[in-house]
Amino acid sequence: MKRIVAAIMYTALALGANAAMADTSDAAALRTGDMKKLVFYGTPESVSNAAFELADGEGDQTLEAYQGKYVLLNFWATWCAPCRKEMPMLSELQDQFGGDDFEVLTIATGRNSPEGITKFFADTGISNLPRHQDPKQKLASQMGIFGLPITVILDPEGREIARLRGDADWASDSAKAIIAELISEE
């Protein structure tokens, strides 16, 4: 009986999620390869206002500070092998598109020492991405981040418009076309 109830609930949740996450954006049409995992929402969603720690003990910040541009928000951890693989690709996106209209924001969630984060960035050759932290996972849990990596795209109003679970080739032509399309919509 428990299996039947679980199957019914899973089906209902999946059907509801599919309707809520309808791919209506022009950028959604540009998804190929790994980017097919990027789900655009039919209606933008609010995000958490929980604070996270800025790199190098510079204080706390909320996502509200990033309004006014598209943000590719990546939740990751130093122990996460897929995170190690995709971080250089995120760096490449920042190099190509970072500026007034777009930013890659990386937040290490959970137990990640500042020293470990610095070493991770040095080992992967990353110098252009932030080393912010969410050590108590308050932001991550309020945003439904379970498992890593998870990447969320925020619109200039600070609302979540898309999400990708797992790692992806963020340096792919598809990923770059999606970001270029989003920026051009502005």
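This note sets out points on aromatic pairs, a disulfide and one buried arginine in a predicted model.

1. Basis. The model is predicted, so that local features need pLDDT of at least 70 and side-chain atom pairs count only at pLDDT 80 or more, whereas totals for chains, interfaces and linings use all residues. Residue numbers run from 1 along each chain as its sequence is written, and side-chain values use heavy atoms, with hydrogens and water left out.

2. Aromatic pairs. Five aromatic pairs are found in a search of the whole structure. Rings of Phe, Tyr and Trp (its six-membered ring) pair if their centres lie within 6.5 Å; planes under 30 degrees apart count as stacked, over 60 as edge-to-face and the rest as tilted. One of the pairs is formed by Trp 76 and Phe 120, with 4.5 Å centre to centre and 40 degrees between the planes, and is tilted. This pair links distant parts of the chain, as Trp 76 lies in strand β4 (residues 70-76) and Phe 120 in helix α3 (residues 114-124), 44 residues apart. Helices (H or I, at least four residues) and strands (E, at least two) are DSSP runs, numbered from the N terminus.

3. The second partner of Trp 76. The ring centres of Trp 76 and Phe 121 are 5.6 Å apart and the planes stand at 50 degrees, so this pair is also tilted. Here too distant parts of the chain are linked: Trp 76 in strand β4 and Phe 121 in helix α3 are 45 residues apart. Ring pairs thus join Trp 76, Phe 120 and Phe 121 into a cluster. Trp 76 and Phe 120 are both buried, and Phe 121 is buried as well; buried means under 20% relative accessible area, exposed over 50%, partly exposed in between (1.4 Å probe, protein chains only).

4. Disulfide. The count is one disulfide, defined as a pair of cysteine sulfur atoms within 2.5 Å. Cys 80 is joined to Cys 83, S to S 2.3 Å. The torsion about their S-S bond is about 80 degrees, so the disulfide is right-handed. Both Cys 80 and Cys 83 are buried.

5. Arg 163. This residue belongs to strand β8 (residues 160-165) and is buried, at a relative accessible area of 9%. Leaving aside residues up to four places away in sequence, Arg 163 touches ten listed residues, among them Lys 37, Tyr 41, Met 143 and Val 152; contact means heavy atoms within 4.5 Å. The side chains of Arg 163 and Tyr 41 are joined by a polar contact of 3.4 Å. A polar contact is a pair of N or O atoms within 3.5 Å; within protein, one must be able to donate a hydrogen and the other to accept it, and residues adjacent in sequence count only if both atoms are side-chain atoms.
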